[in-house]
Amino acid sequence: MSRQAWVLVVIAGILAIATLAGAVMLAVRVVRTRRMLTGLGTGGKVAFYGALIYTIFPVDVLPDPIYLDDMGVLAGALIYLTRLVHKRRAAGRRLPGQPDALPEGDRARRVP
């Protein structure tokens, strides 16, 4: 094999290791976020378990040495679970006399 071919093989190996490390880091963050939720709704359970099963399952959109699709699924689950955590914390901070829902007119002006 020529020198250029070896350089390409080394670069491809480094990229594969980097994407694997990124996927592992995202999986760890998803699990840590899951621990922050005591009662997970149906959507949260589907996002959590679905992302982990997709990551572990050998049939993917892209072949397994390329973990970009796994990273995308894990990142999406992490974003969703983080939003659930923020909603749960906001619901816990409500004052006793505060209403649970905004009136219909205020709902349209509220920024998420």
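Here's a quick look at the nonpolar core, a surface patch and an aromatic pair in this predicted model.

## Ground rules

Being a predicted model, it has local features that need pLDDT of at least 70 and side-chain atom pairs that count only at pLDDT 80 or more, while totals for chains, interfaces and linings use all residues. Residues are numbered from 1 along each chain as its sequence is written, and side-chain values use heavy atoms, with hydrogens and water left out.

## The core

Eleven residues build the largest nonpolar core: L26, A27, V30, L40, F48, A51, L52, L74, A77, L78 and L81. (A nonpolar core is a set of buried Ala, Val, Leu, Ile, Met, Phe, Trp, Tyr and Cys residues joined through side-chain atoms within 4.5 Å; buried means under 20% relative accessible area, exposed over 50%, partly exposed in between, with a 1.4 Å probe and protein chains only.) At least two core residues come from each of α1 (3-36), α2 (42-56) and α3 (68-92), with α3 giving the largest share, four residues. Helices here are DSSP runs of H or I, at least four residues, numbered from the N terminus.

Skip the neighbours within four places in sequence, and L78 is in contact (heavy atoms within 4.5 Å) with L26, R29, V30 and T33.

## One aromatic pair

There's one aromatic pair in the structure. F48 and Y49 meet edge-to-face, 4.8 Å centre to centre with 75° between the planes. (Rings of Phe, Tyr and Trp, the last by its six-membered ring, pair if their centres lie within 6.5 Å; planes under 30 degrees apart are stacked, over 60 edge-to-face, the rest tilted.) F48 is buried, at 6% relative accessibility, whereas Y49, in helix α2, is partly exposed at 42%.

## The surface patch

Y49 also joins I53, F57 and V59 in a nonpolar surface patch, with about 430 Å² of accessible area together. Patches take residues with over 30% relative accessible area and no salt bridge, joining like charges within 9 Å and nonpolar side chains (Val, Leu, Ile, Met, Phe, Trp, Tyr) within 5 Å. A salt bridge is a side-chain nitrogen of Lys or Arg within 4 Å of a carboxyl oxygen of Asp or Glu. Accessible areas come from the Shrake-Rupley method with a 1.4 Å probe, and for residues only the protein chains shown count as cover.
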